[in-house]
Amino acid sequence: MPEEVTLTIDGKKITAKIGQSILEAAEENGVYIPHLCALQELHSTGACRVCMVRIDGRYSASCTQPVSDGLQVEVESDELLEIRKMIVEMLFAEGNHFCPCCEKSGNCELQALAYRLGIDSVRFPYQFPQREVDAEHPDVFIDHNRCILCGRCVEASRNADHKTALEFIGRGKNKRLAVTGIVDLDRADKAVSVCPVGAILLKRQAFQVPLGQRRFDHEPIGAEVESRNPEVRTP
Ligand code: SF4
Ligand code: FES
């Protein structure tokens with residue numbers, strides 16, 4: 001059985017390993033597909049839908065769709081850009097994201113994605129939900145105002161840290177992250193470092209890297225992927 005398959009992304013042929021997702025194969029070939037919940041080494045849950053592409057004409061999350069031979073994948077189109085922008089705008093409208101006073105500013109993937117997608121305002125009404133900050137843990141804050149329910153920390157706690165210290169509780173608009181209380185969260189836990197926004201923050205660590213010198217202050221999100229293939233750039 002072959003170990004590699006050939007598919008096209010925006011008309012360009014790429015090879016990919018069997019078992020890879022379309023998102024992984026794209027990244028390996030220097031094509032950045034915006035995403036917020038998928039993370040290398042973690043199982044993709046398909047929670048955010050930001051990584052939406054068209055595969056043989058059908059819309060699908062690229063992080064959960066495995067590669068197969070002959071697929072035609074569309075990543076860059078006005079329509080897909082519009083879908084991504086709408087999803088990111090909805091995330092901003094649904095939570096309380098006040099970037100200028102967030103410790104994660106400059107390192108935040110949601111903020112960086114908004115810049116990359118050219119979002120300068122949100123077309124949906126802000127919900128301003130009433131949510132608390134959980135500061136009980138000695139080492140970690142959990143700010144539910146900023147949580148986009150991506151599930152990275154839950155996956156990391158379960159399958160990388162093997163602790164299941166974080167879980168989702170509730171349904172629909174009442175869904176929220178909860179510390180299970182069975183085991184401690186530790187600052188060494190992967191679950192603490194994978195949050196794409198400022199919803200899980202280490203105490204006593206704020207502003208150690210000054211604003212202006214952070215990950216996305218000098219290059220846009222996705223630039224490290226595109227540096228593998230400078231000819232490709234996805235809006
Ligand atoms: S706390 Fe962060 S990593 Fe965890 S679900 Fe919320 S946004 Fe995702
Ligand atoms: S990155 Fe694919 S659904 Fe979130």
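**Sheet, domains and ligand shell of the predicted chain**

Strands S6 (residues 133-134) and S7 (residues 140-143) run antiparallel and are joined by 2 bridges. Strands and helices are DSSP runs numbered from the N terminus, with at least two residues (E) for a strand and at least four (H or I) for a helix. Two strands are taken to pair if DSSP finds at least two bridges between them. The model is predicted, and local features need pLDDT of at least 70, side-chain atom pairs count only at pLDDT 80 or more, and totals for chains, interfaces and linings use all residues. Residues are numbered from 1 along each chain as its sequence is written, while chains are lettered from A and ligands numbered from 1 in the order in which they are written.

Within the S6 and S7 pair, Val133 has Asp143 of S7 as its bridge partner. The connection from S6 to S7 is a hairpin of 5 residues. S7 is also joined to strand S10 (residues 200-202) by 3 bridges, and these two strands run antiparallel. In this second pair, Ile142 stands opposite Ile200 of S10. The result is an open sheet of 3 strands in the order S6-S7-S10, with antiparallel pairing. S6 and S10 each have a single partner strand and stand at the edges, so one side of each has no neighbour in the sheet.

The secondary structure of the whole chain amounts to 7 helices and 10 strands. The radius of gyration of the chain is 18 Å, close to the 18 Å that the globule rule gives for 235 residues, so the chain is as compact as a globular protein of that length. This radius is taken over C-alpha atoms, and the rule is 2.2 Å times the number of residues to the power 0.38. The C-alpha trace spans about 50 × 40 × 35 Å along its principal axes. Of the 235 residues, 35% count as buried. A residue is buried if 20 or more other C-beta atoms lie within 10 Å of its own, exposed if 12 or fewer do, and partly exposed in between, with C-beta atoms placed from the backbone. Among contacts in the chain with a separation of 6 or more, 66% are accounted for by residues 24 or more positions apart. A contact here requires that the C-beta atoms of two residues, placed from the backbone, lie within 7 Å.

The domain assignment gives domain 1 (4-76) and domain 2 (85-205), with bounds that come from an automatic or database domain assignment. The centres of domain 1 and domain 2, taken over C-alpha atoms, are separated by 25 Å. The contact takes 11 residues from domain 1 and 17 residues from domain 2. On the side of domain 1 that touches domain 2, the residues divide into 8 nonpolar, 2 polar and 1 charged. In this classification Ala, Val, Leu, Ile, Met, Phe, Trp, Tyr, Cys and Pro are nonpolar, Asp, Glu, Lys and Arg are charged, and the others, Gly among them, are polar.

Ligand 1 is surrounded by 14 residues, of which Cys147, Cys150, Cys153, Cys195 and Ala199 are the closest. A residue is assigned to such a shell if its C-beta atom, placed from the backbone, lies within 6 Å of the molecule. The shell around ligand 1 consists of 12 nonpolar, 1 polar and 1 charged residues.

Helix H3 (residues 109-117) is mostly covered, with 8 of its 9 residues buried. The buried residues of H3 include Leu110, Leu113 and Leu117, as well as Glu109 and Arg116. The elements covering them include helix H2 (78-94) and helix H6 (215-218). Just after H3, Gly118 takes a positive phi of about 75 degrees.

Positive phi also occurs in residues other than glycine. Most residues other than glycine have a negative phi. Phe128, in the loop between H3 and S6, has a phi near 40 degrees. With 11 C-beta neighbours inside 10 Å, Phe128 counts as exposed. His162, in the loop between helix H4 (152-160) and strand S8 (166-169), has a phi near 55 degrees. His162 has 10 C-beta neighbours inside 10 Å and therefore counts as exposed.

Leu71 lies in the loop between strand S4 (58-61) and strand S5 (72-74). With 18 C-beta neighbours inside 10 Å, Leu71 is classed as partly exposed. Residues up to four places away in sequence aside, Leu71 touches Leu7, Ile55 and Asp56. The C-alpha atoms of Leu71 and Thr6, 65 residues apart along the chain, are separated by 7.8 Å.
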